[in-house]
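Open the model in your viewer and keep the selection panel at hand. The stops below say what to select and what is there.

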Amino acid sequence: MPDRTAHTPAPPADRPDRLRNVALVGAGGAGKTTLAEALARTAGVLTRAGTVPDGTTAADWEDVEHRQQRSVQLALLPLPWRGLKVNLLDAPGYADFAGELQAALRAAEAALFVHSAADPEVPRPVRALWRQCEDARLPRAIVLTHLTTARVRLDDVLRMLQDTLGTPDTVRPLHHVDLRDGHLHGATDLLTGRVHGTPGDAPDLAAERARLVEALAGEDDTLLARYLDGEGLDTAALTAGLRRELLAGTLHPVLATAPDGTGCDALLDLVADAFPSPADRTDGLPAADPDAPVTAQVVHTGEDPYLGRLSLLKVFAGTLRPDTTVRLPDGTEERLTAPHSPLGRQLRPVPQAVAGDLATVTRLTAARTGDTLTADRPGRTVLPPWPLPEALLPTAVQARSKADEDRLSQALGRLAAQDPALRVEQNPDTGQLVLWCTGEAHLAVTLDRLTTRHGVHVDTVPYEVALRETFAAPADGHGRHVKQSGGHGQYAVCDLTVEPLPGGGFEFVDRVVGGAVPRHFVPSVEKGVRAQLARGLRGHPMTDVKVTLTDGRAHSVDSSDAAFQTAAALALKEAADHTAVKVLEPVDEVRVLLPDEYQGAVLADLSARRGHVLGTEIGGEGLSLVRAEVPALELARYPLDLRSLSHGTGQFTRAYLRHAPMPAHLAARHTGG
C-alpha cells in the first residue's frame, strides 16, 4: 500500500494546555473514519485521504477492518493545528465494540458527535450516548456528514437535532453552510465572518449572527451590556463566550464537513479555540500536573508482529519518559520503553508524554487494557474502569488440529488481555471451551484474529448448557458387589433409599444399625454415591437428592473401600430403575432495560422462550425494566434477537438462579431418551 503520510514528526506537546483530546463518536456508517482522514489531510499529516471501501484509511489499519469495512478498535490520529496537538480518537460505532468507544471517552475531554445528514433521525443508541456524555459533563459538538445525499434539507436536519438532542437555544449552527447542486461549497463563520471553502454569493447573515451573538453574550453580564448598548463585540470576546458556553454544556455547535476537506479547517479551529484541554478536567480523575508522579491508564492494547504488544496510555498526571518504572494495581513492576506517537501502523518516537497526552509503549507484559500504571508509592490511587458491554453471546470452539490445540490457550490469553470485553471460559460441566462475546461482529473479529494474528484455527461447535438430573420420586436400591478370583476377593452389599431434595443439592444420611456396614466403610459408601452422582445416570450430573444408607453386609476379609464404593453406585443405579429420573436445566434471572415502545414485543418473545415474567417497572425516562426467569437454553442467541427486537436499544443482564425440570420432549432430545 502506498505511503500517504507526510513524513512529519509527531506534533509536540510540552504543556497540558497545548493539548486537545477529542473523541469522534456516532453511529456506524455515519462517516467518522472518513472525517478523521479529511481532518488529517487538512492538518498536513496525510498527503491524501484514504477511503473505507478501498481499505486505505490511516485509522482502520488492521486487516480485519479492511475485510469487514468498519472500525473495530480505537484509533489515535495526533494532528498539529495552530501550535496545538489535537489527539483525534476515532471510536467504532457498532454496538459490539462499545468498550472501545467507552475507552475513547475516558481518554478525551470532549466529543464530536458525527451524524449523517442522510439519516432522518438520531439512532437511539447515539441518543443514549449523548445522555451519558451529558451526565458526565463532557462538552459536545455535532458534525454533519453526507451532505451531498439527494434531498438533504439542512433546516430539517437542524430542527431534528434540536428536538432530539436539545433545544434551539442549545443546538445551534456555528456557520452558514453553502450547500448547492448537491455539493458543499463552503461555510461562513457567523462569529468572525471568515469564509471556509469557496461559497458563492453570501446572503445577509446579520440576523443569524445576531441570534448566535445574543446566545453567547446572554450568560455574561459584561458582554450582554456591551451587546445591548450596540457596542461591537470583538472576535476574542465572542470566542471566549463560545468556549464558556460549550464547556458549561449550554451550547452544542453544529458544523458541516465534506470528504474533500471542506469545513475541516473550521472544525479544527473550533477544537483549538473552544474545546477544553486536559488542564480543564473536572471529573474527579487526577489533575493534569506534569510534575506529579506518573499516573496513566491503558486505554487500548494492540499487537504488532514484530514489536509484540502495543499499549496505548492516557497520561493523567506526571510526565512519561523512557525507562520509567511503574507499578500495576497488584504491585507488579514494569519498565516502560520509549513513548511513541501512533499514526495508523506507524509509531513515531517522542521524547516524552506530558500529563494529558496519549502515547504508545511496547512490550508491557503484565498490563492489560484498563489497568492503572503509577510511579507513586504503594497505596496510590487506582483509576476506575470505564463501563464495558457485558459479553453475553456464547460460542463453543474446538481446535482444528493438535498443533492448534497446543497454541490455543496462549493465543486466547493474549486476545483477552487486549480485549476486556472478551471472556474465555472452560466450562467444568460440559468440558467445552466457550468464547463469550458481545455480538456476532465481535465474535467474527476474535476468530479472525486467532487465525491471522496467532495462526490458530478453530471450529465452532454447538453450545451446550450444563444440564442436571434428579429423582422424580423416592426409590430404594440394592447394590451387591461380590467377586472371588483367588486370594482376597471383593465383597460389599448396601441398601439405599433415594429421595428428591428440591434445591437442596446433596444430603447423605447413615441409618445403619447393628453394625451391618462397619463404621469405617460408611464414608466409602458416601464416596461411591458422590462419584456416581457426578457421572449421572442419563449422561448428566445428578443433584437435589437425599441418599440414606439403610442396611448392608460386609466380609471380614474381602470387604474394602473400593468394594463399598462400587456397591453404592450399583444401588443408586437400581433405585433409578424403580422410578423416573428428571432432567434439570439451568434457569437464569434476566433483566431487560429497553424503551417503552418495544416492551410488548420483548414480553411476547420472552414468553416464547419459556420465560416466566416476574414484572415490569419504570427503568428511567421512557424506559421499562422487565424482570423474568428464562431457561439458559433459550438465551444462547438472545443478545442478537433483543438487538433486533429493540432496534439496538435494549440491554439485558443474566444471572444463574437455579436448576428446574426440563419439559419431557426437550429432555428426550438432550438425553437420547
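Contact means heavy atoms within 4.5 Å. That cut-off is used at several of the stops below.

**The whole chain**

Start with everything shown. This is a predicted model, and the mean pLDDT of the protein chain is 89, with 94% of its residues at 70 or more. Colour by pLDDT and find the two extremes among the elements: strand S1 (residues 19-25) has the highest mean, 97, and helix H7 (residues 221-228) has the lowest, 66.

Switch to a cartoon view. The chain carries 16 helices and 33 strands. Its C-alpha trace spans about 110 × 55 × 45 Å along the principal axes. Of the 673 residues, 51% are buried. Take the contacts between residues at least 6 apart in sequence: 72% of them join residues at least 24 apart.

**Helix H1**

Select residues 32-42, which form helix H1. Is this helix enclosed or open? Eight of its eleven residues are buried, so H1 is largely enclosed by the rest of the structure. The buried ones are Lys32, Thr33, Leu35, Ala36, Glu37, Ala38, Leu39 and Ala40.

Now show what surrounds them. The buried residues of H1 pack against five strands and a helix: S1, S2 (75-81), S3 (84-90), S4 (110-116), S5 (140-145) and H9. Before leaving, step past the end of H1 to Gly44, where phi is positive, near 85°.

**H1 against H9**

Add helix H9, residues 264-274, to the selection. Two packed helices are described by the angle between their axes and the distance between the axes. For H1 and H9, the axes come within 9 Å and cross at roughly 85°, which means that H1 is roughly perpendicular to H9.

Show side chains where the two helices touch. On the H1 side are Leu35, Ala38, Leu39 and Thr42, and they meet Cys264, Asp265, Leu267 and Leu268 of H9. By class, the residues of this contact are six nonpolar, one polar and one charged.

**H8 against H9**

Keep H9 and add helix H8, residues 235-248. Their axes also come within 9 Å, crossing at roughly 80°, so H8 is roughly perpendicular to H9. From H8, the contact uses Thr239, Leu242, Arg243, Leu246 and Leu247; from H9, it uses Leu270, Asp273 and Ala274. Here the classes are five nonpolar, one polar and two charged.

**Two cysteines**

How many disulfides does a search of the whole structure find? It finds zero. Select Cys133, which is buried, with a relative accessible area of 2%. Then select Cys264, which is buried with a relative accessible area of 0%; this is one of the H9 residues that meet H1.

**Helix H15**

For the last stop, select residues 638-645, helix H15. Which of its residues are buried? They are Tyr638, Pro639, Leu640 and Leu642.

Display the elements that these buried residues pack against:

- strand S21 (393-399)
- helix H11 (440-452)
- strand S30 (581-595)
- helix H14 (599-608)
- strand S33 (651-661)

Finish at His647, just after H15, which takes a positive phi of about 55°.

Terms used: Residues numbered from 1 in each chain as written. Heavy atoms only, no water. pLDDT = per-residue confidence, 0-100. Helix = DSSP H or I, 4+ residues; strand = E, 2+ residues; numbered from the N terminus. Axes fitted to C-alpha atoms, helices over the stretch in contact; angles between N-to-C directions. Parallel < 35°, antiparallel > 145°, perpendicular 65-115°, else oblique. Nonpolar A, V, L, I, M, F, W, Y, C, P; charged D, E, K, R; others polar. Disulfide = S-S within 2.5 Å. Buried < 20%, exposed > 50% of the residue type's maximum accessible area, 1.4 Å probe, protein only.
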